[in-house]
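This report introduces one protein chain to a reader who has not met it before. Please keep the sequence and the structure in view while reading.

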Amino acid sequence: MGGVSTADRAERVPKQDRSRATRQRLLEAAVSCLAEHGWAGSTVSVVAERAGVSRGAAQHHFPTREDLFTAAVEYVAEERSTALRALFPQGAAGGRRAVVAALVDLYTGPLFRAALHLWVAASNEDQLRPRVTELESRVGRETHRIAVDLLAADETLPGVRETVQGLLDMARGLGLANLLTDDAARRERVVAQWAWVLEEALG
């Protein structure tokens with residue numbers, strides 16, 4: 001009977017690990033390129049070079065440019081979501097202000113800048129638009145779910161869902177303002193005010 005030898009299995013595992021590592025490097029490099037150079041300056045070749053892999057290896061994992069960049073933004077968004085939950089294993093037990101500040105920080109880093117470039121590109125490219133629209137919908141739902149969980153918000157109560165969504169919309173607006181200037185001082189005041197609003201609204 002034919003079978004897979006121990007040596008073959010041992011060789012396959014490292015190969016799978018290398019493949020996963022290559023994919024991760026490509027995803028992280030794609031987000032960095034998008035944040036720094038925008039859509040026009042972020043080609044598969046540029047990303048492959050930054051990740052330290054060949055263009056062929058990049059296309060093996062992601063056949064098209066659209067595949068690469070939508071997967072990259074989703075991957076990093078998932079990583080950020082996991083990290084955010086890990087920061088608050090007890091939810092808002094330590095106070096809602098820290099949770100509000102962490103949610104606002106989601107929209108002030110390279111991921112938000114990369115996503116913004118992707119949204120702008122999608123508004124002008126028919127091939128990209130449906131994929132980014134679907135991605136934004138998924139990421140938006142997950143971010144809202146995390147906010148509800150961490151804030152211990154009861155969305156069965158009138159106005160609570162809208163209050164949480166208003167917080168996230170405000171955070172996105174602060175992220176846009178931060179693209180051009182360091183808005184840290186004003187952002188801190190707004191975070192404090194929103195924490196107070198949430199305490200009043202959520203109880």
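## Annotated region

Helices, runs of at least four residues, and strands, runs of at least two, are taken here from DSSP and numbered from the N terminus. Over residues 20-80 the chain is 80% helix and 0% strand. The C-alpha atoms at the two ends of this stretch are 19 Å apart. The stretch is the one that an unreviewed UniProt entry annotates as "domain: HTH tetR-type".

## Confidence of the model

The model is predicted. The protein chain has an average pLDDT of 86, and 92% of the residues score at least 70. Confidence is lowest in helix α1 (residues 6-37), where the mean is 79. It is highest in helix α2 (residues 44-51), at 95.

## Helix α8 and its buried face

Helix α8 has 19 residues. From its first C-alpha to its last it reaches 27 Å, close to the 27 Å expected at 1.5 Å a residue. Its buried residues are Val160, Thr163, Val164, Leu167, Leu168, Met170, Ala171, Leu174, Gly175 and Asn178. Seen down the axis of α8, these buried residues fall within an arc of 155°, so they line one face of the helix.

Which helices does this buried set pack against? The partners are α5 (96-105), α6 (110-124), α7 (129-151) and α9.

## The loop after α8

Between α8 (160-178) and α9 (184-202) lies a loop that contains Thr181. Thr181 has a relative accessible area of 47%. Because buried means under 20% and exposed means over 50%, Thr181 counts as partly exposed. The C-alpha atom of Thr181 is separated by 15 Å from that of Phe112, a residue 69 positions away along the chain.

## Salt bridges between helices

Side chains of opposite charge can pair when their charged atoms come close. The structure holds 12 salt bridges. One of them joins Arg85 and Glu142, whose closest N and O atoms are 3.8 Å apart. Arg85 belongs to helix α4 (residues 65-87) and Glu142 to helix α7, so this pair ties together parts that are 57 residues apart in sequence. Arg85 is partly exposed, at a relative accessible area of 31%, and Glu142 is also partly exposed, at 26%.

Glu136 and Arg172 form another salt bridge, with 3.5 Å between the closest N and O atoms. Here Glu136 lies in helix α7 and Arg172 in helix α8, so the pair ties together parts that are 36 residues apart in sequence. Glu136 has a relative accessible area of 27% and is partly exposed. Arg172, at 23%, is likewise partly exposed.

## A network around Glu142

Where does the second partner of Glu142, Arg145, lie relative to it? Both residues are in helix α7, 3 residues apart, which means that about one helical turn separates them. Glu142 and Arg145 form a salt bridge in which the closest N and O atoms are 2.7 Å apart. Arg145 is partly exposed, with a relative accessible area of 43%.

These contacts belong to a wider arrangement: Arg85, Glu142, Arg145 and Asp149 are linked in a network of salt bridges. Within this network, Glu142 pairs with Arg85 and with Arg145.

Key: Residues numbered from 1 in each chain as written. Heavy atoms only, no water. Buried < 20%, exposed > 50% of the residue type's maximum accessible area, 1.4 Å probe, protein only. pLDDT = per-residue confidence, 0-100. Expected span 1.5 Å × (residues − 1). Arc of directions from axis to C-beta. Contact = heavy atoms within 4.5 Å. UniProt positions renumbered as here; feature names shortened; annotations may be inferred. Salt bridge = Lys/Arg side-chain N within 4 Å of Asp/Glu carboxyl O.
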